[in-house]
Amino acid sequence: MSSFRSDLWCMAFVRRHNDMGNMCVVARRGDPIAGQIFIEVDHLDGTRSLFTPAPTVSRGDNAGQMFQRRFERVEPAKVRERIDQEISFDPDLWVLSIDLRGDDLGIDLVREPKG
């Protein structure tokens, strides 16, 4: 079986974080079946991070959403510019926005190559 529908995954993510006391909203609705999901994190210190879908990786039959860290604690305009650029290319994408002081979103991240 493939990963969850985008709308169901997003609703579960938002609910889980709101239940944990993190303000989380759907900032933009995309295609309910297969829209890509971007997660914008406001660290409440003037910086933001952006998580985007990871390149396709083989994880077997239990594959879920995999993300990569696109930007880490940068100025908000940089994150907004990247999201706007992606929307112009793919208008079906979802954007989730969360206020989070820490760094643990509870999502699966691809390992970043060591430089």
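How many bridges join β2 to β3, and do the two strands run parallel or antiparallel? There are 4 bridges, and the strands run antiparallel. Okay, hi everyone, let's build out from that pair. One thing up front: this is a predicted model.

First, the overview. The protein chain has 2 helices and 6 strands. If you start at the N terminus and walk along, the elements go α-β-β-β-β-α-β-β. Of the 115 residues, 38% are buried. And if you take contacts with a separation of 6 or more, 71% of them link residues 24 or more positions apart. As for the outside, the chain exposes about 7,200 Å², with carbon and sulfur atoms supplying 49% of that.

Now the sheet. It's an open sheet of 6 strands, the order is β1-β5-β2-β3-β4-β6, and the pairing is mixed. At the edges you find β1, residues 24-28, and β6, residues 108-109; each has a single partner strand, so one side of each has no neighbour in the sheet. A quick reminder from the textbook: strands in a sheet pair through backbone hydrogen bonds, and they can do that parallel or antiparallel.

Let's go along some of those pairs. β1 and β5 run antiparallel and are joined by 4 bridges. For one example, look at Val25, whose bridge partner in β5 is Ser97. Back to our opening pair: Glu40 has Leu50 in β3 as its bridge partner. β2 and β3 make a hairpin with 5 residues between them, and in the turn Leu44 has a positive phi of about 65°. Then β3 goes on to β4, again antiparallel, this time with 5 bridges. There, Pro53 stands opposite Phe67 in β4.

So what's going on with β3: is it enclosed or not? Well, 5 of its 6 residues are buried, so the rest of the structure largely encloses it.

Next up, the inside. The largest nonpolar core has 16 residues, and the ones with the most contacts inside it are Trp9, Phe13, Ile37, Ile39, Leu96, Leu105 and Ile107. Three elements give two or more residues to this core: α1 at 6-19, β2 at 37-42 and β5 at 94-99. The largest share comes from α1, with 4 residues. If you want one residue to click on, try Ile39. Setting aside its neighbours within four places in sequence, Ile39 is in contact with residues including Trp9, Phe13, Phe67, Leu96 and Ile107. There's also a second, separate core of 8 residues, and Leu50, Phe71, Val74 and Val79 are among them.

Val79 takes us to the other helix, α2. This helix covers residues 76-89, so to speak 14 residues, and reaches 20 Å from its first C-alpha to its last, close to the 20 Å expected at 1.5 Å a residue. Which residues of α2 are buried? They're Val79, Ile83 and Glu86. Looking down the axis of α2, they fall within an arc of 65°, so they line one face of the helix. The general idea helps here: an α-helix has 3.6 residues a turn, so residues three or four places apart point the same way. On the other side of α2, Ala77, Glu81 and Ser88 are exposed. And the cover over the buried residues of α2 includes β2, β3, β4 and β5.

Let's stop at Glu86 for a moment. Why does Glu86 count as buried? Because its relative accessibility is 18%, and the cut-off for buried is under 20%. Beyond its neighbours within four places in sequence, Glu86 is in contact with Phe38 and Leu93.

Two other residues get the same kind of look. Asp7 lies in helix α1, and Asp7 is buried, with a relative accessible area of 16%. Leaving out neighbours within four places in sequence, Asp7 is in contact with Pro32 and Trp94. The C-alpha atoms of Asp7 and Gly30 are 8.0 Å apart, with the two positions 23 residues apart along the chain counted as their separation. Then there's Asn22, in the loop between α1 and β1. Asn22 counts as buried at 16% relative accessibility. Not counting residues up to four places away in sequence, Asn22 touches His17, Ile98, Asp99 and Leu100.

That's my tour, thanks. Happy to take questions!

Methods: Residues numbered from 1 in each chain as written. Predicted model: local features only at pLDDT ≥ 70, side-chain atom pairs only at ≥ 80, totals over all residues. Heavy atoms only, no water. Buried < 20%, exposed > 50% of the residue type's maximum accessible area, 1.4 Å probe, protein only. Contact = heavy atoms within 4.5 Å. Areas by Shrake-Rupley, 256 points an atom, 1.4 Å probe, with all protein chains shown as cover. Core = buried A, V, L, I, M, F, W, Y, C linked by side-chain atoms within 4.5 Å. Expected span 1.5 Å × (residues − 1). Arc of directions from axis to C-beta. Pairing = 2+ DSSP bridges.
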